[in-house]
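Trainee: Could we go through this model together, starting with one helix and then moving on to the ligand?

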Amino acid sequence: MHNKTPHQPPLQVLIIGAGFAGLGLAMRLRQQGQEHFLILEKAGEPGGTWRDNSYPGAACDVPSHLYSFSFEPKTDWSRRYAPQPEIFAYVRQCIDNHGLQPKIRCNSEVAEAWFDEEAALWRVTTTDGASFSARALVSACGQLNRPLYPHIPGVERFAGASFHSARWRHDIDLTGKRVAVIGTGASAIQFVPAIVPKVKQLTLFQRTPAYVLAKPDRAYSRFELALMQRWPWMQKLDRGLQYLYHEARGVAFFVLPGLMKLMRGSFLRYLARQVSDAGLRAKLTPDYPMGCKRILISNDYYPALAQPQVAVVSEAIREVSEHGVITADGREHAADVLIYGTGFTASDFLAPMQIRGLGGLELNQAWKDGAEAYKGISVNGFPNLFILYGPNTNLGHNSIIYMLESQFPYVLACLDKLEQGVRYLDVRKPVQDAWNQRVQHAIEHSVWEQGCNSWYKNAAGKHTNNWSGFTFSYRRHTRHPDWSAYDLVR
Ligand code: NAP
């Protein structure tokens, strides 16, 4: 594959993925007058997670003023927590407002990329055989883009339809059907209440109960919308207040995780008010510290589980049969449709793309013990590769958009450096190691290390996904690249 010679002149920047990260960086490049970039998007249209996750009830659990770009404010969100169609429309609006459509090449899944040291260029090939060259390669694929299908014996035997929440089959009418749902994470707690009213029976297979709190959601009044349109600073004020509120929660995640015990007490009182059936309440009571897995918010999840046509099954799943799901006690739970709310292969990051750096080093090999990157962005041995929302930059307490907006200027500064006579920049190994030791040390004292399994860790138990501090502290770290951290090859 390496001998394909690209016919086009090399690009300055090639971005992989047209979701929030890739589009946000593209908007920033445009604003700086940089036109020599292209976004490769594996799907037929842009939108990332907000294109993929179109399941009923999908919404963002971060308020929309905070979950939107500070440099592309929207003053007319219909609700505090906008539903997926509105967020997806916002993404398309960003593309239109910044004329990005011609810069996006859809149906272009990157198969491999290798760093041609002699030319100081990334050579990129897509699965359809097209090839590209670029001085810098930016991964903007996110952490949650590949559905995780559980390895349960017998799934191929199931006679009915089955699909993953991120690949929702809108063509399948669930009305009057017996539906089995596996998983009780952030996705399931949104789609379960949305489908309960139409199904005949819903069996929810729960391996670990979640902490689900009340969602402070409401529609914005016409008066509020008019005020924000008249005085856009009011939207900024609301965003700022929401930021401070969310950031303050970080204290309980990684400064004083003991505080979560107090919060658990108030959760248990809330659960008692929500679920009157003692047996169901016992099933829904988590036995691990609050915050260790993502804290969820919903006003209709617990009420949905109390409906007569819903059964919560906490018995382990043994196998899937032709007609349903069989649990460890030998019972077969009949189902016409099986829905996987089982999450994503979050710790795989850029896999299955083959990324080869200096000396042919393969990224998945460099990361065999778990992904890590300097500031979540740069990886030793992979010069001029920049990762957005990379290792250890996910959050449990605030908006990822804020993290992305910390990463954009950092990457732009690195790109500027490449225009100043530097052929490539490669983060130094000792610097990367020291950074990661610090990150891992902080995580050891966080609530994520207090005894639970979560997608924040890889199979070996290494925390590859979360940032272990305040987002303003990450912003300080990423404000200016420290060039002494890099080998600058001229
Ligand atoms: P998830 O949080 O990883 O939840 C997956 C669920 O499937 C868990 O309950 C898990 O149980 C269960 N599961 C996985 N494999 C299983 C198996 N073999 N047998 C039985 N149960 C199994 O996935 P998600 O709900 O899709 O959410 C992933 C992340 O996406 C969230 O944490 C969040 O960051 C993001 N998200 C955000 C929003 C939002 O509103 N912003 C909405 C949806 C998703 P265990 O807990 O026991 O592993």
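**Helix α7 and the ligand site**

Mentor: Let us begin with the helix: in α7, the residues M260, F267, Y270 and L271 are buried, and please keep in mind throughout that this is a predicted model.

Trainee: Why do the buried residues of α7 line one face of the helix?

Mentor: Looking down the axis of α7, you find its buried residues within an arc of 100 degrees, so they line one face of the helix.

Trainee: And which residues are exposed on the other side of α7?

Mentor: On that other side, K261, L262, R269 and R273 are exposed.

Trainee: What covers the buried residues of α7?

Mentor: The cover includes the strand β10 (212–213) together with the helices α6 (233–255), α8 (278–283) and α9 (301–305).

Trainee: How many residues does α7 have, and what span does it reach?

Mentor: Helix α7, residues 259–274, has 16 residues and reaches 23 Å from its first C-alpha to its last, which is close to the 22 Å expected at 1.5 Å a residue.

Trainee: Switching to the ligand, how many residues surround it, and which are the closest?

Mentor: The ligand is surrounded by 22 residues, of which D61, S187, T208, K293 and W455 are the closest.

Trainee: Which polar atoms lie by oxygen atoms of the ligand?

Mentor: Among them, a polar side-chain atom of R207 lies 2.9 Å from a ligand oxygen atom, one of Q190 lies 3.3 Å from a ligand oxygen atom, and a polar backbone atom of G341 is 3.2 Å from an oxygen atom of the ligand.

Trainee: How much of the ligand does the protein bury?

Mentor: Taken alone, the ligand exposes 900 Å², and the protein buries 84% of that.

Conventions. Residues numbered from 1 in each chain as written. Predicted model: local features only at pLDDT ≥ 70, side-chain atom pairs only at ≥ 80, totals over all residues. Heavy atoms only, no water. Helix = DSSP H or I, 4+ residues; strand = E, 2+ residues; numbered from the N terminus. Expected span 1.5 Å × (residues − 1). Buried < 20%, exposed > 50% of the residue type's maximum accessible area, 1.4 Å probe, protein only. Arc of directions from axis to C-beta. Contact = heavy atoms within 4.5 Å. Near = heavy atom within 4 Å. Polar contact = N/O pair within 3.5 Å; in protein donor to acceptor, adjacent residues only side chain to side chain. Areas by Shrake-Rupley, 256 points an atom, 1.4 Å probe, with all protein chains shown as cover.
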